[in-house]
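Got the model open and a selection box ready? Here's a walk through it, one stop at a time.

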Amino acid sequence: FEYLFLMFLLMLSEKPADYVILETGLGGRLDATNCIKTPVLTVITSISMDHMEYLGHTIPAIAGEKAGILKPHVPVVYDTSDGSAAAVIEKKAEELDCPILPVGNTSYREVLVRDGVLTLVPHLPELWQKRWKEEGAPERLTVPFAAEYQAANAMLALCAAMQLKISPMAVAEGIRRT
């Protein structure tokens, strides 16, 4: 992973990009991607009991390792489906003065799964709701996966994109075409 990441950074030095989305290899604190000192945004998806030999044996311990990717004053979009993980992320965000953008089961409603497609109605912060409507974004998001947990993933992507001021129409279309 580290070698491929280094190759990627070299490629970027030769051909810069407007935005780069980096996924950590394992966690956050000890991850090679943590060398990026000034990200524009950090996103932490749901936290589960994975890579326990490296990250810890409890959800809060794993969340602590993953929260190690947070940087001072950089906004963080994160999944709140596990309260103990969310609490760890929120504490670290407070220590680093990171604006928080929590995404949980109140971030969407009316989840329907039909014919292998999931649809949901986003419940966005008021400022984003106005922008969503003004730009003519659809009332329902269409996610081409039938798993209900994809509703949270779609909302994490949506909130991250809205934070980056990406057009709501482009976000809705991007999620639909995933």
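How far does helix H4 (residues 83-95) reach from its first C-alpha to its last? Select those 13 residues and check the ends: the helix reaches 18 Å, close to the 18 Å expected at 1.5 Å a residue. Bear in mind as you go that this is a predicted model.

**Stop 1: the two sides of H4**

Stay on H4 and pick out its buried residues, which are Ala85, Ala86, Ile89 and Ala93. Now turn the view to look down the helix axis: these buried residues fall within an arc of 95°, so they line one face of the helix. The general rule behind such a pattern is that an α-helix has 3.6 residues a turn, so residues three or four places apart point the same way. Then swing round to the other side of H4, where Gly83, Lys91, Glu94 and Glu95 are exposed.

**Stop 2: the cavity**

Which residues line the largest cavity? Select Thr45, Ser46, Ile47, Asp79, Ser81, Asp82, Ala85 and Ile89. Two of those names should ring a bell: Ala85 and Ile89 are among the buried residues of H4. The space inside is about 30 Å³, and the count of cavities of 30 Å³ or more comes to 1. Colour the lining by class and you get 3 nonpolar, 3 polar and 2 charged residues.

**Stop 3: the largest pocket**

Next, go to the largest pocket, which holds about 1,400 Å³ of space. Its lining counts 45 residues, so to speak a long selection; for a quick way in, centre on Ile21, Leu22, Glu23, Thr42 and Val43, the closest to the pocket's centre. Now show the elements that give two or more residues to this lining: helix H1 (2-14), strand S1 (42-44) and helix H6 (150-163). Which of them gives the largest share? That's H6, with 7 residues. Coloured by class, the lining of this pocket has 26 nonpolar, 14 polar and 5 charged residues.

**Stop 4: the second largest pocket**

Select Arg109, Val121, Pro122, His123, Leu124, Gln129, Trp132, Lys133, Ala137, Pro138 and Glu139 to bring up the lining of the second largest pocket. About 190 Å³ of space lies in there. Strand S5 (117-122) and H5 each supply at least two of the lining residues, and H5 gives the most, with 3. By class, the lining splits into 6 nonpolar, 2 polar and 3 charged residues.

While you're here, click on Gln129, one of the lining residues. Gln129 lies in helix H5 (residues 126-134). Is Gln129 buried, partly exposed or exposed? Partly exposed, with a relative accessible area of 28%; the cut-offs are under 20% for buried and over 50% for exposed, so 28% falls in between. Put a distance label from the C-alpha of Gln129 to that of Pro168: they are 39 residues apart along the chain and separated by 9.9 Å.

**Stop 5: the aromatic pair**

Last selection: how many aromatic pairs does a search of the whole structure find? The search finds 1. The partners are Phe1 and Phe5, and the pair is stacked, at 6.4 Å centre to centre with 5° between the planes. Switch on a surface to compare the two rings' residues: Phe1 is partly exposed, with a relative accessible area of 45%, whereas Phe5 is buried, at 8%.

Definitions and conventions. Residues are numbered from 1 along each chain as its sequence is written. This is a predicted model: local features need pLDDT of at least 70, side-chain atom pairs count only at pLDDT 80 or more; totals for chains, interfaces and linings use all residues. Side-chain values use heavy atoms; hydrogens and water are left out. On a 1 Å grid over the protein atoms alone, a cavity is a set of points where a 1.4 Å probe fits but cannot get out, and a pocket is an open set with protein on both sides within 12 Å along at least five of seven lines; lining residues have an atom within 4 Å of a point. Grid points are joined across faces, edges and corners, and a volume is the space filled by probe spheres set on the points. Ala, Val, Leu, Ile, Met, Phe, Trp, Tyr, Cys and Pro count as nonpolar, Asp, Glu, Lys and Arg as charged, and the others, Gly among them, as polar. Rings of Phe, Tyr and Trp (its six-membered ring) pair if their centres lie within 6.5 Å; planes under 30 degrees apart count as stacked, over 60 as edge-to-face and the rest as tilted. Buried means under 20% relative accessible area, exposed over 50%, partly exposed in between (1.4 Å probe, protein chains only). Helices (H or I, at least four residues) and strands (E, at least two) are DSSP runs, numbered from the N terminus. The expected span of a helix is 1.5 Å times one less than its number of residues. The arc is that of the directions from the helix axis to the C-beta atoms.
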